[in-house]
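Here is a friendly tour of the fold you are about to see. Keep the structure open as you read, and follow the helices one pair at a time.

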Amino acid sequence: GVVVGLLPLVVGSWRRRRLLRSGAGRALDSGLVRSVVRELGMRRGVPVVVSGAVEMPMAAGLLRPRVYLPAEAGRWPGERLRAVLLHELGHVRRRDLQTQALAAVARAAYWPHPLAWVAARRMEIEREKACDDLVVSRGIDAPAYAQALLEVAVFERSRVMGYAGVGM
C-alpha cells in the first residue's frame, strides 16, 4: 500500500522533470516579478519560466522552487499576470510544495486509514483557498480574478504533474 501510495509522487516528479526539460523555456525577468516578490516579503527571488511545455501556471520544485507559466502568458494583461504571479509565488512563500509532498508521504504511510485521504484532500483545497485569498487581499478585483481562473482552467488539457507540482 505504501509503494502504491507513493507512486503518484514519484511518477509525477519524473514526468514533470521530463516535460520541463523537453520544453524550451525562457526566464521571465521583469520588474513585475521582482515587485511581486518584494510585495510578498520573500527574501530571495524565485525563477519564473515561460515555457510551451506547461499548459497552466504552476509552482514546482521541492529544493529549488520555480514558477512555470504557459507560453500564452506573454499575451496576458498585466493585472492577470500579476494575479497569477501572486498566486504561484504565494505557494512558494507558504512552502506548499514541501507540505504537499509531506502530505502525500503521510497518506501513503497511513493508506488504509480513510482520514489520511480526507486530510490530504482537505489540505489541497485549503492550500488553494489560502493563495486565492492572498491574491484578493492584494487588491486584485475578485470577479476579474475568478474570470482569469476560469480562462486559465479552460486551457488545462491534462493533469500530467500528479503530486509533483502545484498548479493554479
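**How the pieces pack together**

In this predicted model, the axes of α2 and α3 approach to within 10 Å and cross at roughly 45°. That angle makes α2 oblique to α3, and their crossing is right-handed. The protein chain as a whole has six helices and five strands, and buried residues account for 43% of its 168 residues.

**The overall plan**

- Reading along the sequence, you will meet the elements of the protein chain in the pattern α-β-α-β-β-β-α-α-α-α-β.
- Consider the contacts in the protein chain between residues at least 6 apart in sequence: 68% of them join residues at least 24 apart.

**Helix α2 and its buried face**

- Which residues of α2 (residues 31-39) are buried? They are V33, V36 and V37.
- Looking down the axis of α2, you would find these buried residues within an arc of 100°, so they line one face of the helix.
- The buried residues of α2 pack against two elements, β2 (48-51) and α3 (78-93).
- Where α2 meets α3, the α2 side is made up of L32, V33, V36, V37 and E39, and the α3 side of G78, L81, R82, L85, L86 and L89.
- α2 is followed by G41, which has a positive phi, near 70°.

**The nonpolar cores**

- As background, nonpolar side chains in soluble globular proteins tend to be buried together.
- Which residues touch the most other members of the largest nonpolar core? Of its 28 residues, they are L69, L85 and L89.
- At least two residues of this core come from each of α2, β2, β4 (66-70), α3, α5 (114-137) and α6 (142-155).
- α3 supplies the largest share of this core, with seven residues.
- Another core, of five residues, lies apart from it, and its members include V54, M58, A60 and Y68.
- Back in the largest core, L89 is worth a closer look: leaving aside neighbours within four places in sequence, L89 is in contact with V36, V37, L40, M42, V46 and V67.

**Where α3 meets α5**

- α3 and α5 pack with their axes 9 Å apart, at an angle of about 130°.
- The two helices α3 and α5 are therefore oblique to each other, and their crossing is right-handed.
- From α3, the residues making this contact are A83, L86, H87, G90, H91 and R93.
- From α5, the partners are R127, E128, C131, D132, L134 and V135.

**Where α4 meets α5**

- Are α4 and α5 roughly parallel or roughly antiparallel? Their axes come within 9 Å and cross at roughly 170°. Angles over 145 degrees count as roughly antiparallel, and that makes α4 roughly antiparallel to α5.
- On the α4 side, D96, T99, Q100, A103 and R107 make the contact.
- On the α5 side, the contact residues are A116, W117, A120, M123, E124, R127 and C131.

**Three arginines to compare**

- R107 sits in helix α4 (residues 96-109). Is R107 buried or exposed? With a relative accessible area of 7%, R107 is buried, because buried means under 20%.
- R107 and L6 are 101 residues apart in sequence, yet their C-alpha atoms are 8.6 Å apart in space.
- R95 lies in the loop between α3 and α4. R95 is exposed, with a relative accessible area of 54%.
- R95 also has a positive phi of about 60°, although R95 is not a glycine.
- R66 belongs to strand β4 and counts as partly exposed, at 29% relative accessibility.
- What does R66 touch, leaving aside its neighbours within four places in sequence? R66 is in contact with V46, P47, V49, M58, A59 and A60.
- R66 and L89 are 23 residues apart along the chain, and their C-alpha atoms are separated by 8.7 Å.

Methods: Residues are numbered from 1 along each chain as its sequence is written. This is a predicted model: local features need pLDDT of at least 70, side-chain atom pairs count only at pLDDT 80 or more; totals for chains, interfaces and linings use all residues. Side-chain values use heavy atoms; hydrogens and water are left out. Helices (H or I, at least four residues) and strands (E, at least two) are DSSP runs, numbered from the N terminus. Buried means under 20% relative accessible area, exposed over 50%, partly exposed in between (1.4 Å probe, protein chains only). The arc is that of the directions from the helix axis to the C-beta atoms. Contact means heavy atoms within 4.5 Å. A nonpolar core is a set of buried Ala, Val, Leu, Ile, Met, Phe, Trp, Tyr and Cys residues joined through side-chain atoms within 4.5 Å. Axes are lines fitted to C-alpha atoms, for helices over the stretch in contact, and angles run from 0 to 180 degrees between N-to-C directions. Angles under 35 degrees count as roughly parallel, over 145 as roughly antiparallel, 65 to 115 as roughly perpendicular and the rest as oblique. A crossing is left-handed if the near helix is turned anticlockwise from the far one by less than a right angle, and right-handed if clockwise.
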